[in-house]
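Visitor: Could you walk me through reading a model like this one, feature by feature?
Guide: Gladly; let us have it in view and begin.

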Amino acid sequence: MAMKVIIGADPLGFAIKEDVKKYLLSSGYEVEDITGDGPIDYYNVGYNVGKRISSGEFERGIIFCGTGMGVNIVANKFPGVYCGLCESVLTAKLCRIINNCNVLSMGGTLNGGFKAVEMAKAFMETGFSEGFSEASPEFLQKSFCCVQDIESEIFN
């Protein structure tokens, strides 16, 4: 069964979202694009993707706006959403390895389509807690559990 991915973009992230969407579909992911044929406001992108990741309906999300910051701020308001704002292929990979991010945000004014696709590949193909020489998998897993405990305290 293909991994379910939800994506969306505001006007400044729409072009690179289209490139990433083509990559995801050609790689066999099940993709829902909340923006369809036209962009929506960044806060609606962050809200709709964050809500549906939080509900467990989707395993991963990729969101786009001008800088990636606006969509990131809104998506991270939801429990169980770990959205990493990334500006490089390396940070897209590390947000998975170190922080177990389930949503990637990036900016259309900062990244071209090729780089956005490479960032999405790194994000989608990288697992949690393996291959980081500066910390053991056990430490990274324990740290993520501590983050979840903090989140549970805040939301309960």
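**Reading the model together**

Guide: Let us start with Phe144, which sits in helix H6. Helices (H or I, at least four residues) and strands (E, at least two) are DSSP runs numbered from the N terminus. This is a predicted model, in which local features need pLDDT of at least 70 and side-chain atom pairs count only at pLDDT 80 or more, while totals for chains, interfaces and linings use all residues. Residues are numbered from 1 along each chain as its sequence is written, and side-chain values use heavy atoms, with hydrogens and water left out.

Visitor: Is Phe144 buried or exposed?
Guide: The general idea is a relative accessible area: buried means under 20%, exposed over 50%, and partly exposed in between (1.4 Å probe, protein chains only). Phe144 has 11% relative accessibility, so Phe144 counts as buried.

Visitor: Which residues is Phe144 in contact with, leaving aside its neighbours within four places in sequence?
Guide: Contact means heavy atoms within 4.5 Å. By that rule, and with those neighbours left aside, Phe144 is in contact with Tyr82, Asn99, Asn100 and Phe128. You can also look at C-alpha separations: Phe144 and Cys101 are 43 residues apart along the chain, and their C-alpha atoms are separated by 10.0 Å.

Visitor: Asn100 is in that list of contacts. Where is Asn100 found?
Guide: Asn100 belongs to the loop between H4 and S5. At 18% relative accessibility, Asn100 counts as buried. Its phi is near 55 degrees, a positive value in a residue other than glycine. Ser129 also deserves a look: this residue is not a glycine, yet has a positive phi of about 75 degrees. Ser129 lies in the loop between H5 and H6 and counts as buried at 2% relative accessibility.

Visitor: Now for helix pairs. How should I read the way H1 and H5 pack?
Guide: Fit lines to the C-alpha atoms, for helices over the stretch in contact, and take the angle, from 0 to 180 degrees, between N-to-C directions. The axes of H1 (residues 14–26) and H5 (residues 113–125) come within 9 Å and cross at roughly 45 degrees. That makes H1 oblique to H5, since angles under 35 degrees count as roughly parallel, over 145 as roughly antiparallel, 65 to 115 as roughly perpendicular and the rest as oblique.

Visitor: What is the handedness of the crossing where H1 passes H5?
Guide: A crossing is left-handed if the near helix is turned anticlockwise from the far one by less than a right angle, and right-handed if clockwise. H1 passes H5 in a right-handed crossing. On the H1 side, Ile16, Asp19, Val20, Tyr23 and Leu24 take part, meeting Gly113, Ala116, Val117, Ala120, Lys121, Met124 and Glu125 in H5. Sorted by class, the contact of H1 with H5 has 8 nonpolar, 1 polar and 3 charged residues. Here Ala, Val, Leu, Ile, Met, Phe, Trp, Tyr, Cys and Pro count as nonpolar, Asp, Glu, Lys and Arg as charged, and the others, Gly among them, as polar.

Visitor: At what angle do H4 and H5 pack?
Guide: The angle is about 20 degrees, with the axes of H4 and H5 8 Å apart. H4 and H5 are therefore roughly parallel to each other. H4 passes H5 in a right-handed crossing. Val89, Ala92, Lys93, Cys95 and Arg96 of H4 make the contact with Glu118, Met119, Ala122 and Phe123 of H5. By class, these residues divide into 6 nonpolar, no polar and 3 charged.

Visitor: Which residues of H4 are buried?
Guide: In H4 (residues 89–97), Ala92, Cys95, Arg96 and Ile97 are buried. The buried residues of H4 pack against strand S3 (60–65), strand S5 (103–107), H5 and helix H6 (137–155).

Visitor: How many disulfides does the count come to?
Guide: A disulfide is a pair of cysteine sulfur atoms within 2.5 Å, and the count comes to 0. The sulfur of Cys65 is 9.5 Å from the closest cysteine sulfur, in Cys83, too far for a bond. Cys65 is buried, with a relative accessible area of 4%. For Cys145, the closest cysteine sulfur is in Cys146, 7.1 Å away and too far for a bond. Cys145 is partly exposed, at a relative accessible area of 40%.
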